[in-house]
Amino acid sequence: MNTDPIADYLTRIRNASAAQHRVVEIPASKVKKEITKILFDQGYILSYKFEDTTVQGSIKIALKYDKFTKDPVIKEIQRISKPGLRKYAGSGELPRILNGLGIAIVSTSKGVMTGKQARRENVGGEVLCYVY
């Protein structure tokens, strides 16, 4: 049994990109699907596919690498709010990652979104992770 599925999701992506894998497969959930969509929209992953072959389903993510240096596009992906210590931030307190070069993914009352979107919509929430 996994106590923190989001941390497991982030760790699978981190490990696959460190090992230079092209595709990583992860068990699906609604929050993981939303995080995947955000990573794709922000240009951190190449593509994704949701498969509902099993009861839970799975997410296949094609990782993105630099053309010339072969370095992964995701330099760091870090879990912030953990089950033992939740981190919440109001709309004015949402962090800027690397002066706007990275993103914070926030779970708000209006759904999962980036920190920049949450600031624009004037909502706060649980800071799930940082990606840069």
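This is a short walk through one predicted model, covering a few strands, the salt bridges and some surface residues.

Hi everyone, thanks for coming. Please keep in mind throughout that we are looking at a predicted model.

Let's begin with strand β6, residues 103–108. Of its 6 residues, 5 are buried, so this strand is largely enclosed by the rest of the structure. Which strands does β6 pair with? One partner is β8, residues 125–131, and the two pair in the antiparallel sense over 6 bridges. If you want a residue to click on, take valine 106, whose bridge partner in β8 is valine 127. Another partner is β7, residues 111–114, which also runs antiparallel to β6 and is joined to it by 4 bridges. Here you can follow threonine 108 across to glycine 111, its bridge partner in β7. With 2 residues between them, β6 and β7 form a hairpin.

Now for the salt bridges. How many does the structure hold? The count is 7, and I'd like to show you some of them.

Take arginine 79 and aspartate 4, where the closest N and O atoms of the salt bridge are 3.1 Å apart. This pair links distant parts of the chain: arginine 79 belongs to strand β4, residues 77–79, while aspartate 4 sits in the segment before α1, and 75 residues separate them. Are these two residues buried or exposed? Arginine 79 is buried, and aspartate 4 is buried as well.

Next, please move to glutamate 126 and arginine 86, whose side chains meet in a salt bridge at 3.0 Å, N to O. Glutamate 126 is in strand β8 and arginine 86 is in the loop between β4 and β5, so the pair ties together parts that lie 40 residues apart in sequence. The two ends differ in their cover: glutamate 126 is buried, with a relative accessible area of 14%, whereas arginine 86 counts as partly exposed at 40% relative accessibility. And remember that β8, the strand holding glutamate 126, is the one that pairs with β6 over 6 bridges.

There is also a small group to look at. Which residues are joined into one network by salt bridges that share partners? They are Lys49, Glu51 and Lys60. Within that group, glutamate 51 and lysine 60 form a salt bridge whose closest N and O atoms are 3.8 Å apart. Glutamate 51 is buried, because its relative accessible area is 18% and the cut-off for buried is under 20%. Lysine 60, at 30% relative accessibility, counts as partly exposed.

Let's finish on the surface. A positive patch is formed there by Arg96, Lys116, Arg119 and Arg120. If you pick out arginine 119, you will find it in helix α3, residues 115–120. Its relative accessibility is 32%, so arginine 119 counts as partly exposed.

Finally, have a look at glutamate 93 in the loop between β5 and β6. At 59% relative accessibility, glutamate 93 counts as exposed. How far apart in space are glutamate 93 and alanine 18? From C-alpha to C-alpha the separation is 32 Å, with their positions 75 residues apart in sequence. You may recall that arginine 79 and aspartate 4 are also 75 residues apart, yet that pair forms a salt bridge with its closest N and O atoms at 3.1 Å.

That's my tour, and I'm happy to rotate the model for anyone who wants another look.

Definitions and conventions. Residues numbered from 1 in each chain as written. Predicted model: local features only at pLDDT ≥ 70, side-chain atom pairs only at ≥ 80, totals over all residues. Heavy atoms only, no water. Patch = residues over 30% accessible without salt bridge, like charges linked within 9 Å, V, L, I, M, F, W, Y side chains within 5 Å. Areas by Shrake-Rupley, 256 points an atom, 1.4 Å probe, with all protein chains shown as cover. Salt bridge = Lys/Arg side-chain N within 4 Å of Asp/Glu carboxyl O. Lys, Arg positive; Asp, Glu negative; His and termini not counted. Charge placed at Lys NZ, Arg CZ, Asp CG, Glu CD. Buried < 20%, exposed > 50% of the residue type's maximum accessible area, 1.4 Å probe, protein only. Pairing = 2+ DSSP bridges.
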